[in-house]
Amino acid sequence: MEIMSVDTVTRSAAETAAYYETVLGLPVRKEIGAVEITVGRSVIRFREDPDAEGDQHYAFLVDDARFDAARAFLEAGPGLLGDGDRTEFEAQPAWNARSLYFPGPDRSVLEVIARRDLPPDLGAGHASGAKASSPYAPGTQPVPFGPADLRSVSEVGVAVPDVAGTADRLTDVGIGRYPDGSKTFSPAGQIDGMLILVSPGRTWFPTSDRVAAEPPVTIVAQAGAASPGVVAGRYELAPGRVLVVRR
């Protein structure tokens, strides 16, 4: 299910707008008390709420062939978040993906992810890719990384009181559940887009101080070729947290 739009809150619309516009170079539309960010085929709309609790997580899709360019861009810009001396993470075999994490505005944890199993028209690429923590080779990516390389919102972190129960309900309507979940963490979706369901109070990997809370969020997704069998509908994940799936 390809994520088309996200509507949520931020403690500072000005800070959020400035970050996405100047640090990532993305198109930004400012409103009174709100800001709209275009990330490839996706849009994130943040409404200002100074009292919003917790920190958020989003992952942006990049082509695997552009992964090293993304790393060079992020190292020169916001910097990378790591786990010890690791800053590049190869996912479990079921994901066939690799990721980089970096700090975003309003204490958010952002990620770029290359999903090698996606068809080329969804922005993947079938390069075998380097393994996690492989060294960056200068000059291997002659074209500078830019905002056009962020193809869509690939993941949205959502805190829910009952992670396993919510994942089960989504499975019943064809929204896949990845095998590496737990009672406090469960990825739900397909390779073209997924929700990262977590328990409130869990920290966002790879940090120890950025914590998931329960802000309102509405996610609109499109079921497509990479997500057959997904049933269109409106699904309440928890109070104030909604997933709308269209076909």
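How many bridges join strand E10 to strand E11, and do the two run parallel or antiparallel? I looked this up first and found 6 bridges between E10 and E11 (residues 193–198), with the strands antiparallel; strands here are DSSP runs of at least two residues (E), helices are runs of at least four (H or I), both numbered from the N terminus, and two strands pair if DSSP finds at least two bridges between them.

I note that this is a predicted model, in which local features need pLDDT of at least 70 and side-chain atom pairs count only at pLDDT 80 or more, while totals for chains, interfaces and linings use all residues. Residues are numbered from 1 along each chain as its sequence is written, and side-chain values use heavy atoms, with hydrogens and water left out.

**Strand E10.** I followed the connection and found a hairpin that joins E10 to E11 through 2 residues, and I recorded Met-194 in E11 as the bridge partner of Gly-189. I then checked burial (buried is under 20% relative accessible area, exposed over 50%, partly exposed in between, with a 1.4 Å probe and protein chains only): 6 of the 6 residues of E10 (residues 185–190) are buried. Phe-185, Pro-187 and Gly-189 point one way from the strand, whereas Ser-186, Ala-188 and Gln-190 point the other way. In a regular strand the side chains alternate between the two faces of the sheet.

**Cores.** I looked next at the nonpolar cores, meaning sets of buried Ala, Val, Leu, Ile, Met, Phe, Trp, Tyr and Cys residues joined through side-chain atoms within 4.5 Å. The largest has 51 residues, and Tyr-20, Phe-60 and Leu-243 have the most contacts inside it. A second, separate core of 19 residues includes Val-198 and Trp-204.

**Aromatic pairs.** I counted 8 aromatic pairs, where rings of Phe, Tyr and Trp (its six-membered ring) pair if their centres lie within 6.5 Å, and planes under 30 degrees apart count as stacked, over 60 as edge-to-face and the rest as tilted. Tyr-20 and Phe-46 are stacked, at 6.2 Å centre to centre and 25° between the planes. Tyr-20 lies in helix H1 (residues 13–23) and Phe-46 in strand E4 (residues 42–48), so this pair ties together parts that are 26 residues apart in sequence. Tyr-20 counts as buried at 1% relative accessibility, and Phe-46 likewise at 4%. The rings of Tyr-101 and Phe-205 have centres 5.4 Å apart and planes at 80°, so I entered the pair as edge-to-face. Tyr-101 is buried at 11% relative accessible area, whereas Phe-205 is partly exposed at 40%.
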